[in-house]
Amino acid sequence: MSRDRERFDEVGKKIKRESNVPSTTTDHNRMGRRHLLGPHPGTLNTITPCAACKLLRRRCAQECPFSPYFSPHEPQKFASVHKVFGASNVSKMLMEVPESQRADAANSLVYEANVRLRDPVYGCMGAISALQQQVQALQAELTAVRAEILKYKFRETAAAAAAAVAVVDSPNIIATTHPLTHHHPQAFMSAGTVSIAVLPPPIPPPPPRVSSSPPPLYTPPSSAATDYSCISNENDSFFG
Amino acid sequence: MSNSTRCAGCKLLRRRCPEDCILSPYFPKNNPQRFLSVHKIFGACNITRMLKSLPVDQRAIAADCMSYEAERRVEDPVYGCVKIIYGLQKKKNEIELELAKARSEIVFHSAVDTQQQQQQQVSWSITNATQQSDQV
């Protein structure tokens with residue numbers, strides 16, 4: 001009886017000792033370095049479990065392949081790729097590419113996974129197909145508008161030519177070489193009111209070119225297809 | 001099920017291909033490369049799970065789309081088919097900008113055209129008035 005009690009006491013003491021003792025190396029690793037939060041927020045990702053290790057409930061090692069690209073502040077990113085591709089496939093795919101391109105690879109995988117989750121049947125193919133249709137429709141509209149511009153320009157040119165011809169053919173233009181003015185000045189004076197040669201007024205300067213934002217009258221074509229441009233990643237500039 | 005009738009999926013995974021194998025309609029044995037790509041990118045479990053979650057009539061389309069995505073990803077491990085999407089989005093933005101410029105030009109030309117037509121009418125009326133006064 002007393003031996004059992006001693007044993008229980010030993011076990012109790014051991015448990016108490018283990019819960020009190022802080023800093024052994026194994027404890028550090030076991031606790032996932034959470035307690036090592038330092039004063040530098042920029043290194044947070046490397047000293048707390050990344051989103052992948054958090055989801056997979058495992059130790060986030062120094063050489064964790066996911067931690068640079070799946071921050072613990074954005075758990076949804078890894079959740080999407082894990083659901084579609086699986087953690088091991090993502091890890092393999094990231095390791096296959098050079099380190100300088102892994103961020104881009106991770107972001108494109110997240111994008112693809114999100115599109116697939118949004119549209120489980122067509123995935124990225126649906127996005128490509130919708131965008132191709134939109135591009136075709138816009139191109140057709142642009143061609144039609146340009147044809148209309150050409151018609152206007154042709155009409156303007158024709159009108160300007162007609163006006164020039166009207167000026168030349170008008171009989172009431174005062175000309176010094178006209179024979180009537182020399183021989184019959186009174187006839188000239190009684191020729192009637194001189195018609196004013198109507199020249200087209202000076203064309204006002206064209207409006208300034210639209211630089212980046214379309215004018216208010218432009219309405220984008222409505223499309224029934226899903227708006228895939230709203231699926232965005234943080235690091236969009238990697239395709240620049 | 002004998003070895004010769006195993007689908008590409010079961011052949012690669014080295015398992016028996018049952019009669020109700022979910023992969024066999026979409027990954028026939030005559031095209032092993034197709035399953036190889038999707039297995040490399042998505043994994044057999046994920047493919048099976050995703051196909052099972054869909055209605056039967058949509059599984060063929062889904063399998064084709066996943067094959068396409070997997071093949072693009074194998075060709076371009078960094079961007080995959082996302083590069084195509086971004087290229088199309090960029091092209092769409094460019095065309096929209098061109099269209100906006102063209103529409104503003106139409107507005108300008110339309111205004112000029114209206115003005116010219118009005119002045120033409122004025123000149124004709126003056127000419128007519130002159131001719132009538134000459135006849136008188």
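## Exercises on a predicted two-chain model

In this predicted model, Asp113(B) has a relative accessible area of 8% and is therefore buried.

**Exercise 1.** Determine which side chain meets Asp113(B) in a salt bridge, and where the two partners lie.

*Solution.* Begin with the pair itself: the side chains of Asp113(B) and Arg155(A) meet in a salt bridge, at 2.8 Å from N to O. Next, place the partners, for the pair crosses between chains, with Arg155(A) in helix α8 of chain A and Asp113(B) in helix α5 (residues 82–135) of chain B. Finally, consider exposure: Arg155(A) has 39% relative accessibility and so counts as partly exposed, since that class lies between the cut-offs of 20% and 50%.

**Exercise 2.** Compare the salt bridges of Arg73(B) and Arg72(B) by partner and by burial.

*Solution.* Take Arg73(B) to start with: its side chain meets that of Glu112(A) at 2.8 Å, N to O, and this pair links helix α4 (residues 56–75) of chain B to helix α7 of chain A. Both Arg73(B) and Glu112(A) are buried. Turning to Arg72(B), its salt bridge is with Glu75(B), the closest N and O atoms being 2.8 Å apart; because these two residues are three apart in helix α4 of chain B, about one helical turn separates them. Arg72(B), at 16% relative accessibility, counts as buried, whereas Glu75(B), at 58%, is exposed.

**Exercise 3.** Describe the surroundings of Val121(A).

*Solution.* Locate Val121(A) in the loop between α7 (102–118) and α8 (124–169) of chain A. Its relative accessibility is 7%, so Val121(A) counts as buried. Beyond its neighbours within four places in sequence, its contacts include Arg116(A), Leu54(B), Ile61(B) and Cys65(B).

Definitions and conventions
Residues numbered from 1 in each chain as written. Chains lettered and ligands numbered in written order. Predicted model: local features only at pLDDT ≥ 70, side-chain atom pairs only at ≥ 80, totals over all residues. Heavy atoms only, no water. Helix = DSSP H or I, 4+ residues; strand = E, 2+ residues; numbered from the N terminus. Buried < 20%, exposed > 50% of the residue type's maximum accessible area, 1.4 Å probe, protein only. Contact = heavy atoms within 4.5 Å. Salt bridge = Lys/Arg side-chain N within 4 Å of Asp/Glu carboxyl O.
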